[in-house]
Amino acid sequence: MHGVDDDFTRQLQDWRMLTAEVLYHMPDHPHVLQSFTWQTLDVPPRFPRLIGFLDFWSHSIDGMLHSVRIMHDALIRPAEYRFVDKELRLN
């Protein structure tokens, strides 16, 4: 779609807003857990962006992962949008 925001186009293709809460061990104090929240558009059920992010984390960031909790929901549902085929302008 030309001229349409890429994120909007993805949402029409069933990409979902994903929120991930990452608990990880602090590098200097491994017995202390820190929380990190991350949001992106992703495709359920495989979540390729989340998997890529967690892979990057495990290879590039010192804090060892403890757990990840995810929530996702469609921001646009079929009943919430429709295409308009006519336009009326009043001057």
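**A nonpolar core in a predicted α-β-β-α-β model**

The largest nonpolar core comprises 10 residues, namely L18, A20, V22, Y24, W38, F47, L50, F53, L54 and W57; such a core is a set of buried Ala, Val, Leu, Ile, Met, Phe, Trp, Tyr and Cys residues joined through side-chain atoms within 4.5 Å. Two or more of these residues come from each of β1 (16-25) and α2. Leaving aside residues up to four places away in sequence, L54 touches V22, L65 and V68, a contact being heavy atoms within 4.5 Å.

The model is predicted: local features need pLDDT of at least 70 and side-chain atom pairs count only at pLDDT 80 or more, whereas totals for chains, interfaces and linings use all residues. Residues are numbered from 1 along each chain as its sequence is written, and side-chain values use heavy atoms, with hydrogens and water left out.

Now to the overall fold. The protein contains 2 helices and 3 strands, in the order α-β-β-α-β from the N terminus; these are DSSP runs (helices H or I, at least four residues; strands E, at least two) numbered from the N terminus. Of the contacts with a separation of 6 or more, 59% link residues 24 or more positions apart. Buried residues (under 20% relative accessible area, 1.4 Å probe, protein chains only) account for 23% of the 91 residues.

As for confidence, pLDDT (the predictor's confidence in each residue, from 0 to 100) averages 84 over the protein, with 77% of residues at 70 or more. Among the elements, the highest mean, 96, belongs to helix α2 (residues 48-60) and the lowest, 75, to helix α1 (residues 6-12).

Note on methods. Buried means under 20% relative accessible area, exposed over 50%, partly exposed in between (1.4 Å probe, protein chains only).
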